[in-house]
Amino acid sequence: MALLEVRELGKAFGGVAAIADLSFAVPEGSIYAVIGPNGAGKTTLFNMLSGVYVPSDGAIEFDGTSLAGLEPHQVATRGISRTFQNLQIFFNMSVLENVMVGCHQRARSGLYRAALRLPGVVREEQQIRAWAIEALEFCGLAHLAERPADALPYGELKRVEIARALAADPRLLLMDEPAAGLNDTETAELRELVRRIGARGVTVLLVEHNMGLVMQVSDTVLVLDYGSKLAEGTTTEIQNDPRVIAAYLGGEVQYAVQ
Amino acid sequence: MNALHRLRGFLALAVVVALLPVLFPDNYFVTVVGVTIGFNVMLAVALNLFIGFAGQISLGHAAFFGMGAYASAILTTRYGWSPWPAMGVGLVIVYVVALLISRPILKLKGHYLAMATLGFGIIVNIIMVEAVDWTGGPDGMSGIPGLELFGWAVDSDLRWYAVMAVVMLATVLLSLNIIDSRAGRALRAVHGSEVAAQTLGVDTARVKSQVFVLSACLASLAGSLFAHQQNFISPVSFNFFFSIEVVTMVVLGGLASTYGAVFGAIVLTLLPQVLVVFEDYEVLILGAILMSIMIFLPQGLFVGLVRGSTGLLRRLRPAAVATGD
Amino acid sequence: MLDQILQFLITGVTVGSTYALVGLGFAIIYNASGVVNFAQGEFVMIGAMSAVWLLAVGMPFPLALLGAVAITTCVGLALNKFAIEPARGATVITTIIITIGAAIFLRGAALLLWGKDIFALPHFSGEETLYFGSATLLPQNLWVMGVTAVLVIAVRWFFDRTLMGKAILACACNKDAARLMGINVGLMLLVSYGMSAFLGAVAGILVAPIAFTSYDAGIMLGLKGFSAAILGGMGSSMGAVAGGLLLGILESLGAGLISSGYKDAMAFTVVLLVLILRPSGLFGRKAADRV
């Protein structure tokens with residue numbers, strides 16, 4: 001059963017079609033990767049999926065209901081979380097507080113109840129804290145909880161962003177180039193983390209340039225070129241597809257699968 | 001983290017505030033200037049929620065301070081209302097106005113937001129000056145009755161000190177409570193990265209509007225109390241300069257720090273008292289101080305001092321990691 | 001009625017010319033450095049006050065005017081050197097407070113030097129009333145409009161046709177790229193502050209014979225000039241000029257036809273409406289955020 005279904009999706013900026021007539025389906029519980037050269041429209045796709053851009057054409061359906069016209073914060077409450085290509089960490093907070101914001105939609109208390117610090121608020125705070133610590137532990141960052149976010153190196157911050165997105169308890173996690181800027185060790189750790197996320201039952205939609213990572217974690221790969229689908233299939237199928245090789249992979253076909 | 005630990009700064013503040021009149025009972029600085037400090041702290045802490053924590057700008061908050069004051073003044077002097085319901089009405093009016101302008105204005109950012117709030121503040125102030133039938137015009141309104149609390153008349157400087165001490169401390173506590181909560185983190189997330197906050201389910205437009213309205217209402221409350229304490233108000237107390245003064249208190253102390261706002265309010269209330277000595281040079285020196293602090297200590301005086309002293313302590317005793325307040 | 005409107009238009013264009021020059025100054029500094037200089041209005045005040053002072057100490061009229069402009073330009077350069085440059089990279093709200101602090105400082109200096117009195121400059125070429133249809137105007141009105149037009153054209157030519165002008169525009173687009181192209185960004189910023197101060201000073205001496213001046217005359221002018229820049233669209237210097245003229249005309253018509261007490265309120269209401277309905281201003285371009 002497809003958790004996310006995209007039909008004839010299109011997005012044009014002025015006269016330029018960043019995405020055109022794109023259709024694909026992401027099965028629940030899978031790890032689905034989107035690859036393609038720079039400018040192929042991957043971030044545009046993500047921005048449409050998370051409600052930041054409004055599609056020019058087509059439909060997006062999540063768990064059977066349409067995402068059309070939803071504001072980004074509404075998309076989030078449907079169970080979709082995302083990480084960003086350019087880190088969007090809250091540098092004005094600690095690591096733990098960053099992840100606690102991830103729990104925002106799992107809680108209820110508003111401004112005035114918080115101001116009066118009613119007992120319900122205190123209990124909820126403890127619950128949020130517990131959820132956040134759990135997410136940090138899952139990502140191996142619990143020891144950094146109290147550190148100010150602006151004191152952490154880039155690699156750790158990328159993982160904080162993942163922990164934050166996971167703290168929302170999403171059904172679908174959109175990851176926008178999670179390996180960008182990571183060295184080999186960090187990328188290997190990321191690979192394990194993505195696998196564990198998948199094992200936990202979270203569906204992952206991943207945009208990535210690092211072919212090694214993509215081929216090692218993905219169940220299905222979608223290749224975008226000039227905003228349209230070039231090919232879609234398993235990692236083996238994609239690696240052997242002549243169109244894909246011609247357009248994109250080239251010598252990187254050497255990367256081992258398993 | 002138990003309540004005592006979390007509120008240790010607040011308790012220290014409360015103790016100092018309570019002890020001052022006991023230790024210096026007839027001191028002008030404590031009772032009279034102290035009351036002014038009380039008002040300024042309320043305004044600075046309220047504004048800091050919007051400017052410091054939510055990362056927005058408002059150069060027109062004096063308008064809300066004034067609206068509360070004038071609502072109380074008009075209802076009590078022209079219509080014979082009792083102060084407390086009048087204060088309530090002022091609160092409602094400010095709530096509605098702030099809510100109405102918040103949605104369109106808060107779509108703006110940076111200098112545009114600054115100008116919009118500035119414009120709003122000036123328009124309100126001009127209405128105070130021009131609507132003479134209602135507001136008494138540039139001459140202001142006098143004869144505003146004092147406050148009475150269940151038969152206890154607030155009719156001396158010391159009693160006003162007590163009232164403002166309680167109200168001020170309540171505002172500080174409110175701010176501390178908010179910051180350390182889901183709502184407070186949503187606020188700060190808006191400042192950190194609005195896009196990321198949205199993708200985590202935070203309705204950023206609503207959050208900005210809510211905190212704007214809250215800080216406006218707190219200013220209105222302060223204004224109503226101000227009217228009853230001064231027994232006289234005039235538009236000149238609620239003009240663009242005062243808006244800038246409150247922003248300066250917040251920025252001087254250090255944005256996104258409740259205690260910073262308290263500190264900034266105290267410093268900026270005392271500074272003119274100190275500068276009066278310099279007479280004609282007063283304005284000049286004020287401008288110079290402002291520029292210097294913003295250039296050399298942009299994180300604010302309070303935060304700068306705190307970081308400086310914790311840095312010193314850390315060198316003397318490498319202990320646990322510092323956290324925010 | 002038509003006569004009245006013509007009269008209001010004349011006043012409006014005169015006042016609007018001042019706003020246009022102040023707004024132009026705002027736009028130039030904003031374009032070059034991204035800073036909104038809340039001390040812009042003070043340049044106007046200092047220009048006028050220095051002229052009054054130089055005249056009072058015995059300088060011949062033309063020299064006093066030139067001297068005043070020179071003094072103010074130096075103040076502008078000093079502002080850039082001592083207040084803006086040291087705070088490069090500061091947040092929006094910090095730079096706002098810095099320029100406000102500078103404005104307060106300059107006002108304090110004026111207060112110290114010249115006290116709280118109101119001063120006027122003599123009219124440049126006499127006070128004989130001129131007639132335009134059934135409306136009256138003074139020669140000074142023509143001075144204001146004429147000199148403003150000349151300056152606006154000169155500024156436009158400077159940015160369109162000279163290398164330095166283009167260099168300043170380059171700094172506005174991308175400082176690092178400009179630096180890499182060999183442009184001395186610091187110098188360009190200095191020049192833009194100097195220019196803005198120059199424009200402010202000229203506005204000040206042009207209008208002082210009609211509107212008088214005092215140590216606190218700069219505040220409202222600064223705010224109105226900022227409004228003009230916003231009205232026209234913050235990135236567009238010609239937009240600021242158009243915005244200033246429009247603001248002056250609207251204000252004058254409003255004051256004449258509706259109520260003079262509320263004229264400032266009307267000006268700011270217009271600005272508020274523009275901000276809410278079309279924040280990019282009349283001539284500005286819409287900015288897009290990259291995520």
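What follows is a chat about a predicted model with chains A, B and C.

Biologist: Before I get attached to this thing, what ipTM and pTM does the predictor give the complex?

Modeller: Both come out at 0.88. Keep in mind that this is a predicted model.

Biologist: OK, chain C then. What is its mean pLDDT?

Modeller: The mean for chain C is 85, and 97% of its residues reach 70 or more.

Biologist: Where in chain C is confidence lowest, and where is it highest?

Modeller: The low end is strand 1 of chain C, residues 130–132, with a mean of 78. The high end is helix 2 of chain C, residues 40–56, at 91.

Biologist: And how many helices and strands does chain C have?

Modeller: Chain C has 11 helices and two strands. Going from the N terminus, you pass four helices, then the two strands, then the remaining helices: α-α-α-α-β-β-α-α-α-α-α-α-α. Its radius of gyration is 19 Å, close to the 19 Å that the globule rule gives for 291 residues, so chain C is as compact as a globular protein of that length.

Biologist: What does the C-alpha trace of chain C span along its principal axes?

Modeller: About 55 × 50 × 35 Å. Of the 291 residues in chain C, 52% count as buried. Also, take the contacts in chain C with a separation of 6 or more: 75% of them are between residues 24 or more positions apart.

Biologist: Let's pick one helix. How far does helix 3 of chain C reach from its first C-alpha to its last?

Modeller: Helix 3 covers residues 61–84 of chain C, 24 residues, and reaches 33 Å, close to the 34 Å expected at 1.5 Å a residue.

Biologist: Which residues of helix 3 of chain C are buried?

Modeller: Among them are C:Ala64, C:Leu65, C:Ala68, C:Val69, C:Leu79 and C:Ile84. The buried set also includes C:Thr72, C:Thr73 and C:Asn80.

Biologist: And what covers the buried residues of helix 3 of chain C?

Modeller: From chain C, the cover includes helix 1 (2–33), helix 2, helix 4 and helix 8 (185–211). Chain B also takes part, with helix 14 (282–296).

Biologist: Chain B, good. How many residues of chain C are in contact with chain B?

Modeller: 36 residues of chain C, and they meet 35 residues of chain B. On the chain C side, helix 4 (92–114), helix 9 (218–232) and helix 11 (263–277) each give two or more residues. Helix 4 of chain C gives the most, with 16 residues.

Biologist: How does the side of chain C that touches chain B break down by class?

Modeller: It has 29 nonpolar, five polar and two charged residues.

Biologist: How many helices and strands are in chain B itself?

Modeller: 15 helices and four strands. The radius of gyration of chain B is 20 Å, close to the 20 Å the globule rule gives for 325 residues, so chain B is as compact as a globular protein of that length. Buried residues make up 57% of those 325, and the C-alpha trace of chain B spans about 60 × 50 × 45 Å along its principal axes.

Biologist: Switching to chain A: how is it divided into domains?

Modeller: Domain 1 is 1–79 + 170–258, and domain 2 is 90–167. The C-alpha centres of these two domains of chain A lie 27 Å apart. Their contact takes 10 residues from domain 1 and eight residues from domain 2.

Biologist: Which helices of chain A each supply at least two residues on the domain 1 side?

Modeller: Helix 2 (72–77) and helix 7 (184–199) of chain A. Helix 7 gives the most, with three residues. By class, that side of domain 1 has seven nonpolar, two polar and one charged residues.

Methods
Residues numbered from 1 in each chain as written. Chains lettered and ligands numbered in written order. Predicted model: local features only at pLDDT ≥ 70, side-chain atom pairs only at ≥ 80, totals over all residues. Rg over C-alpha atoms; globule rule 2.2 N^0.38 Å. Buried ≥ 20, exposed ≤ 12 C-beta atoms within 10 Å, placed from the backbone. Contact = placed C-beta atoms within 7 Å. pLDDT = per-residue confidence, 0-100. Nonpolar A, V, L, I, M, F, W, Y, C, P; charged D, E, K, R; others polar. Expected span 1.5 Å × (residues − 1). Domains from an automatic or database assignment.
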